[in-house]
Amino acid sequence: MIRRLYDWTLSLASGPRAPAALGSVSFVESSVFPIPPDILLIPMVIARREKAWWYALLCTITSVAGGILGYLIGSFLFEQVAVPILTFYGKMAFVDEFKAIFQDYGWWFVFIAGLTPFPYKVITIASGALSLNPVVFIAASIVSRGLRFFVVAGLLYFFGPPIRDFIEKRLGLMFTIFVVLLVGGFVLLRYF
């Protein structure tokens, strides 16, 4: 099922309504959809490099808007909508663990989930369910999602198709390593 969904999503990248598809996929990925918008962003930027920054901005805006929807689901529809979504992704236990440290480090959770392969939708829903300050949530989402999509668009803009394989196979790992080093640096500065 996921493979068919992936192929269908990728086919949207070549059509005349590709920007609308990109915005739609980016929006729903932030709250319920399992396929990241990068699979549309990558071929669209390769096909129209002059629109790389516009596509990254579109992804950022619609992803943050979808994240706000996820936050609202967590805030107002947790039992009816969030529990089935989180159960589907096998992340219900995560919410319970998350409560203990969330208020102190909520910004970091949103930032890290926005950059890495961790399902961002889980954090958006959990942020609403655990009442993270909405301003903090939106700010962290803008920074992390913007960084993610603008880095992808920038790499494709400057290096073109040869960088595509790297982005598709290793960019999530690179973002994860970057976040680990960043957080590790802050921990070292705080305790040493």
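## Close-up views of an all-helix chain

Ser141 is buried, with a relative accessible area of 0%. Keep that residue in mind, as we will come back to it in one of the close-ups below. The model shown here is a predicted one.

**Figure 1. The whole chain, with nine helices and zero strands.** Welcome to the overview, a good place to get your bearings. Reading along the sequence, you meet the pattern α-α-α-α-α-α-α-α-α. The chain has 192 residues, and 42% of them are buried. Among contacts with a separation of 6 or more, 77% join residues that lie 24 or more positions apart.

**Figure 2. Helix α3 packed against helix α4.** How are two packed helices described? The angle between their axes and the distance between the axes do the job. Here α3 covers residues 38-47 and α4 covers residues 52-76, and their axes lie 9 Å apart at an angle of about 160 degrees. That angle makes α3 roughly antiparallel to α4, because angles over 145 degrees count as such. The crossing of α3 past α4 is right-handed. Which residues in α3 and α4 meet? On the α3 side they are Leu41, Met44 and Val45, and on the α4 side they are Ala52, Tyr55, Ala56 and Cys59. Sorted by class, this contact has seven nonpolar residues, with no polar and no charged ones.

**Figure 3. The largest nonpolar core, with 23 residues.** Several names from the previous view return here. The residues with the most contacts inside this core are Leu22, Leu40, Leu41, Met44, Val45, Tyr55 and Leu156. At least two residues of the core come from each of α2 (18-29), α3, α4 and α8 (134-159). Which helix gives the most to this core? Helix α3 does, with six residues. For a closer look, pick out Val45: setting aside residues up to four places away in sequence, Val45 touches Ala52, Tyr55, Ala153, Leu156 and Tyr157. There is also a second, separate core of 18 residues, and it includes Ile73, Ala82, Tyr120 and Ile125.

**Figure 4. Helix α7 alongside helix α8.** Helix α7 spans residues 120-129, and its axis comes within 12 Å of the α8 axis, with the two crossing at roughly 170 degrees. This makes α7 roughly antiparallel to α8. The crossing of α7 and α8 is left-handed. Where the helices meet, α7 brings Tyr120, Thr124 and Ser127, while α8 brings Phe137, Ser141 and Arg145. By class, the contact of α7 with α8 has two nonpolar, three polar and one charged residues.

**Figure 5. Ser141 and the residues around it.** Here is the residue from the opening again. Ser141 sits in helix α8. Is Ser141 buried or exposed? It is buried, because its relative accessible area of 0% is under the 20% cut-off. Not counting residues up to four places away in sequence, Ser141 touches Val64, Val110, Tyr120 and Gly146. Tyr120 is also one of the α7 residues in the contact with α8, and it belongs to the second core.

**Figure 6. Gly74 beside Ala129.** Gly74 belongs to helix α4. With a relative accessible area of 3%, Gly74 is buried. Gly74 and Ala129 are 55 residues apart along the chain, yet their C-alpha atoms are separated by 4.2 Å. Apart from its neighbours within four places in sequence, Gly74 is in contact with Ile125, Gly128 and Ala129. Ile125 is included in the second core as well.

**Figure 7. Two exposed residues, Ser131 and Asp104.** To finish, turn to residues on the other side of the cut-off. Where does Ser131 lie? Look in the loop between α7 and α8. Ser131 has a positive phi of about 55 degrees although it is not a glycine. Its relative accessible area is 53%, so Ser131 counts as exposed. Asp104 is part of helix α6, which runs over residues 92-115. Asp104 is exposed too, with a relative accessible area of 65%. The C-alpha atoms of Asp104 and Leu132 are separated by 9.7 Å, and these residues are 28 apart along the chain.

Technical notes: Residues are numbered from 1 along each chain as its sequence is written. This is a predicted model: local features need pLDDT of at least 70, side-chain atom pairs count only at pLDDT 80 or more; totals for chains, interfaces and linings use all residues. Side-chain values use heavy atoms; hydrogens and water are left out. Axes are lines fitted to C-alpha atoms, for helices over the stretch in contact, and angles run from 0 to 180 degrees between N-to-C directions. Helices (H or I, at least four residues) and strands (E, at least two) are DSSP runs, numbered from the N terminus. Angles under 35 degrees count as roughly parallel, over 145 as roughly antiparallel, 65 to 115 as roughly perpendicular and the rest as oblique. A crossing is left-handed if the near helix is turned anticlockwise from the far one by less than a right angle, and right-handed if clockwise. Contact means heavy atoms within 4.5 Å. Ala, Val, Leu, Ile, Met, Phe, Trp, Tyr, Cys and Pro count as nonpolar, Asp, Glu, Lys and Arg as charged, and the others, Gly among them, as polar. A nonpolar core is a set of buried Ala, Val, Leu, Ile, Met, Phe, Trp, Tyr and Cys residues joined through side-chain atoms within 4.5 Å. Buried means under 20% relative accessible area, exposed over 50%, partly exposed in between (1.4 Å probe, protein chains only).
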